[in-house]
Structures are given as structure tokens and as C-alpha cells.
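Got your viewer open? Let's take a walk through this protein, one selection at a time.

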Amino acid sequence: MKIVINALSARIGGGQTYLRQLLSRIPDVPDLQILIFASDSLDINDHPNIKLLKTNFPTENPLMRTFWEKYILPRRLREINPDVFFCPGGVVATKAPPGCRVVTMFRNMVPFDEVVKKQMPYGLQRIRVNLLEGVMLRSMAGADLVIFISEFARQVIESRITVKKAMTIPHGISAHFRQHDAAVSVAHIVPAKPYILYVSRFESYKHHQEVVEAYLKLPAAIQAAYDLVLVGENDNPFGDVVRNLIKNKAATHKVHMLGGVKYSTLPNVYRQAQLIVFASSCENCPNILLEALSAGRPIICSSVMPMPEFGGDAVAYFNPVDSDDISQKMALLLSNPQLADQYAERATVQGLKYNWDITARDTWTAILAL
């Protein structure tokens, strides 16, 4: 079987992680060929069944990439004559040749969340997201197989369109987050005192402001015992709002905005936290929550779906727009060590359910069965 993957939209982060995990677990199938259009930043292991293809076109620019996908890639596909054309980015802008089955994924929930879209300022970003909603729906409706990464997301889409064939295959947790390397010190990153941790890029739907407000509502004794650490890119207007809040509340000595942290050190940052918070209200498969589960620390989490789908009974839930509720859940686990230990044990068990070996096996099985 010959499979062509259009991975040009996977330039950073979760998209590349998914592809690396998938391509490092290729099934042993006779005559399997995997041909990939990908950016130079995608680093994958050499494999005799994998071949990286060049576009010879400035596909770094989204508009130019769309032009290439719509007008040039169809000719390349006819020359290659693949059995399957896989677009894991969620957009299929290319007409596949006759007899070629099309597979895509649903990864980006933002275009389907009306609350998040209304919070966006008027401009190109809002226009792009609104256009993307229609493009993604058409892509999924036309595909021979759509891979969903949560049951919640699948229900959202199947309430809007008819999908020919669907599979729900959640992401796994990288082994990197299951291993504790005591030699990797984070003393130069995190405060010396015990801390509450929230890892996430700053966006409107991540509710960092509510988390900071919740922390500042904790009893003085708890604030004195624990700092709040915010890890994630914050060089944007949402980060500025939180920075100003911390400054105006004279809390810079106990609320720390660290920005991005190296991937290699993140597991230890998670493991050394006294309590982990995840407050997002718009996710498809919440990778950060999965990473937190693997750390085996007590977690409080947004009650908005699909977080309960992944957290089960292993985390304590709160309303992410209610700082009082967040504060109460923080205080509950920080003031009750026995309860916190119970949640930590549950988190470890729950995290074992998410395994890249299973994700890759189920994904390749579904694709090869077409």
C-alpha cells in the first residue's frame, strides 16, 4: 500500500509530536510505502518505508501553501498514484486521484466554539477562524475516514454533518512525561517554596485571569505556604492582562509568569508541583491534562467537556469562569493532604490509559483497512 501524508501544516507543537509518534510505530506490512510532504522542522527517524518529499514551493506561507495544495499537489498525486491520501491537519484542499481514499483528522476545536470566537477581536484572526469552520466541515464530509481524538469532538461534528466513516482515537502520553529524571534540576526555574502549577499558552479560553484571581482569594496562610507558577507563552494581550493584574495586586513575589519552559524540563516541573491546575474551556484532546496525569500529582480541572472524558474521577473539577469555585477547589486539596494523595494516585492510574503505542496501532489499523 502507498500512503501520501500532507503534513505541511504541522510546523510546531502537537502536530509534529503526533506525526513523530505515529511514524516511529509503522506496522510491519509488506510493500508499505509512506511518502510525506513536511516542513524541514519535522524530525523523524530514518525508516526504509518512509520517504520525505520536497514541494519546491514556499509553503511556509499559509496562502501559498493553500495554492500549492489546491493546484499543484493534485498533479503530484496523480504521478504518485497513492492508495491513501492522509491530511492530519484537518483540512483537505486537494482533489485526490480516482481510487485514492482520503483520511483526515479533527484536531482544532476553536472554529466550533462560539464563545471563544466572540472573544476574539475583530480582524483577520476572527475571519480566518470563521472560514476555517466551513473548510473543515467540507473536508470531513468528503473524507473516506475521519479520525477524532475525543468522543466529545466527534459528537460536535456528527451533529453538523454526515461522516462516511469515523474512528475515535485519543492521543497518548509521551514516555518523556512518564519518566522522572532526578538529574534534571528545575531549581533555577521554579520558586524554592512549594507551588501550584498551571501549564498552558495564554489565550482567552485558558482562563489564566480567573486562576490568578482564585489564588489571590485563598486564605493568607495558604498563599504564604504556596506560590502560583504559570508556565506558557504569554507574549500577547492575554498575557498582558494577567501581568497587569499581578502587578496591581502587588503579587509579583508569589505569582510567577515563567513563559515557555524547555520540553526536557517540563516533566520535573510537573512532578515537583504541590497541585496542578488545568482551566481551559476549549479543547479537543487536552494534551496538557494528559501530561499532568502522568506526573502523578493532585489535579484540579475545568469541568467543561471534553476534560471529564479524559480526567474521569482522577481530578477535582471546577467551573473555569468562576474564580470562587477554582479557589475553593485549590483550598480543598491544599488543606487536605490525604485527599490530595488519593487524587494523585488516581491520576497515575488514569494516565496509564493514554499510550502512543495504542494510538499508533489503532490509527494504522484504521487506515490500512480502507
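Start by selecting Ile5 and Phe86: Ile5 stands opposite Phe86, which sits in β4. Keep in mind as you click around that this is a predicted model.

**Stop 1: strand β4 and its neighbours**

Now widen the selection to strand β1, residues 2-7. β1 and β4 run parallel, joined by 3 bridges. Next, colour strand β5, residues 101-106. β4 pairs with β5 in the parallel sense too, over 4 bridges. To see where they line up, pick Phe85 and look across to Val102 in β5, which stands opposite.

What holds strands together like this? Strands of a sheet pair through backbone hydrogen bonds, in either a parallel or an antiparallel way.

Stay with β4 and show the side chains of residues 84-87. Are they buried or exposed? Val84 and Phe86 on one side are buried, and so are Phe85 and Cys87 on the other, leaving both faces of β4 covered. That back-and-forth pattern is a general one: in a regular strand, side chains alternate between the two faces of the sheet.

**Stop 2: a greasy spot on the outside**

Jump to helix α4, residues 124-142, and select Leu124. With a relative accessible area of 73%, Leu124 is exposed, because exposed here means over 50%. Add Ile127 and Leu131 to your selection: together with Leu124 they make a nonpolar patch on the surface, with about 360 Å² of accessible area between them.

**Stop 3: the six-stranded sheet**

Next, look for an open sheet of 6 strands, paired in parallel in the order β10-β9-β8-β11-β12-β13. Its edge strands are β10 (255-259) and β13 (316-318), each pairing on one side only. Turn the sheet and you can follow its twist, which averages 20° from one strand to the next.

Zoom in on β9 and β10, which run parallel with 4 bridges joining them. Here, Val231 stands opposite Gly259 of β10. Then switch on α9: this helix lies across β9 and β10, at about 150° to β10.

**Stop 4: Glu233**

Finally, select Glu233, in the loop between β9 (227-231) and α9 (237-248). Glu233 is partly exposed, since its relative accessibility is 43%. Which residues does Glu233 touch, leaving aside those up to four places away in sequence? They are Arg201, Phe202, Gly259 and Gly260. For one last click, draw a distance between the C-alpha atoms of Glu233 and Glu283: the two residues are 50 apart along the chain, and the atoms are separated by 17 Å.

Technical notes: Residues numbered from 1 in each chain as written. Predicted model: local features only at pLDDT ≥ 70, side-chain atom pairs only at ≥ 80, totals over all residues. Heavy atoms only, no water. Helix = DSSP H or I, 4+ residues; strand = E, 2+ residues; numbered from the N terminus. Buried < 20%, exposed > 50% of the residue type's maximum accessible area, 1.4 Å probe, protein only. Contact = heavy atoms within 4.5 Å. Pairing = 2+ DSSP bridges. Axes fitted to C-alpha atoms, helices over the stretch in contact; angles between N-to-C directions. Patch = residues over 30% accessible without salt bridge, like charges linked within 9 Å, V, L, I, M, F, W, Y side chains within 5 Å. Areas by Shrake-Rupley, 256 points an atom, 1.4 Å probe, with all protein chains shown as cover. Salt bridge = Lys/Arg side-chain N within 4 Å of Asp/Glu carboxyl O.
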